[in-house]
Amino acid sequence: MSDTKNPLLTQEPPITAPASTISLATQQGRKRRRILPSTSPKFIVGACIVVAIVLFAIIAPIFSQDPRSTANPALQPPSAEHWLGTTKLGNDMFAQLAIGAQGSLLIGVTAGSIAIILSLLFGVLAGYLGGWREDGLALLTNVMIVIPGLPLVMVIASFVPQRSWQLVAFVLGITSWAGAAYVLRLQTRSLRTRDYVYASKVAGERSFRVILVEIMPNLLPLLAAQFLFAIIFAILGEAGLSYLGLGPNSSITWGSILNDAQSGQALGRGAWWWFVPPGLMIALLGAGLSLINFAIDEVINPKLRNAPEAARRVRKAAKTKGVTA
């Protein structure tokens, strides 16, 4: 019998991918999972805070009394009847806090929307068009950056005796767009030199479609971060204006509650329930939006996303070196 083996009976070892390839694919999968903001503890905590405040602003006014009612006893501390006490005029603080949440959120979202629209017009258009048109739009942006926003708002508000929340939101919006427009212009200038943008232009696509389809999707994380920052600025700006007596006249906001507490000498009377809740709500909302903004920044900037892991590796290496020594 021949010693040669039948090639059909010969079993070849299964072909496996190199270990380096498998580890690389695993690392890429982990990186894709890490860039999702939902996996970030900052995003989860910030979203929970913001959603809770929004639900409070929607649901709480349904179960509270008239915030302008003066039928209650004045300066009553928190009790079962009045959960957050009453003001100097007998207004229920829980009702005022709930209605004030609606006013502050409306002003913040409206002013943020106005600011982001203006920043898109002056930032993205300037960065995409280039040439003298970019220089003209950039000049207007630089002028608005130089002009201080909050003092300008105070001057405008002081000349208008009857101020609605829409007017305050509009003034805050038109004075807070320049910084975002500058950042968007620089990013758009970088994106307009990409190959896929050139390919769209060569294919005969209109400028509007190139901006909307090719450039805007790459700016969404940055736009979200700038929008949240504009909301924070508007809410804090309205609170400052209302505390100085320059806020909306006919609307209740957290800032107007603080102004009433200051004029009613709540601190001297020991009525902490008059000024602590609105101040705490402003701080919580600002913290929640800031945490979401930080999570979005980690999506935009990989260095921020990888910094905690790199720090852990350095500490682990230092401990290992210490044990080995």
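**Exercise 1. Name the elements of the chain in order from the N terminus.**

Solution. Start at the N terminus and read along this predicted model. The elements run α-α-α-α-α-α-α-α-α-α-α-α-α. Now count by type: there are 13 helices and zero strands. Next, look at the contacts with a separation of 6 or more. Residues 24 or more positions apart account for 72% of these contacts.

**Exercise 2. Find out whether helix α9 is straight or bent, and where.**

Solution. Step one: take the length. α9 covers residues 207–243, which is 37 residues. Step two: work out the straight span. At 1.5 Å a residue, a straight helix would reach 54 Å. Step three: compare. The end C-alpha atoms of α9 are only 46 Å apart, so the helix falls short of the expected span, which is 1.5 Å times one less than its number of residues. Step four: locate the bend. A kink of about 60° lies at M216, shortly before the proline P217. Finally, look past the helix. G245 follows α9, and its phi is positive, near 85°.

**Exercise 3. Describe the largest nonpolar core and say which helices supply it.**

Solution. Begin with the members. This core has 32 residues. Those that touch the most other members are F56, W254, I257, W274, M281, L285 and L289. Then list the suppliers. α2 (41–63), α3 (93–129), α9, α10 (254–263) and α12 (272–300) each give two or more residues. α12 gives the most, with eight residues. Now zoom in on L289. Beyond its neighbours within four places in sequence, L289 is in contact with V50, L228, I231 and I232. A separate core of 13 residues lies apart from this one. I215, M216, L219 and L223 are among its members. Recall that M216 is also where α9 kinks.

**Exercise 4. Classify the ring pair W272 and W273, then decide for each residue: buried, partly exposed or exposed?**

Solution. A search of the whole structure finds four aromatic pairs. For W272 and W273, check the distance first. The ring centres are 5.9 Å apart, and the cut-off for a pair is 6.5 Å. Check the angle next. The planes stand at 80°, which is over 60, so the pair is edge-to-face. Now turn to burial. W272 has a relative accessible area of 46%, so W272 is partly exposed. W273 has 9%, under the 20% limit, so W273 counts as buried. Elsewhere, F56, W83 and F94 form one aromatic cluster.

**Exercise 5. State what share of the chain is buried, and describe its accessible surface.**

Solution. The chain has 325 residues, and buried residues make up 37% of them. The accessible surface comes to about 19,000 Å². Carbon and sulfur atoms hold 67% of that surface.

How values were computed: Residues numbered from 1 in each chain as written. Predicted model: local features only at pLDDT ≥ 70, side-chain atom pairs only at ≥ 80, totals over all residues. Heavy atoms only, no water. Helix = DSSP H or I, 4+ residues; strand = E, 2+ residues; numbered from the N terminus. Bend = angle between axes of the 7 residues up to and from the residue. Core = buried A, V, L, I, M, F, W, Y, C linked by side-chain atoms within 4.5 Å. Buried < 20%, exposed > 50% of the residue type's maximum accessible area, 1.4 Å probe, protein only. Contact = heavy atoms within 4.5 Å. Phe/Tyr/Trp six-rings, centres within 6.5 Å; stacked < 30°, edge-to-face > 60°. Areas by Shrake-Rupley, 256 points an atom, 1.4 Å probe, with all protein chains shown as cover.
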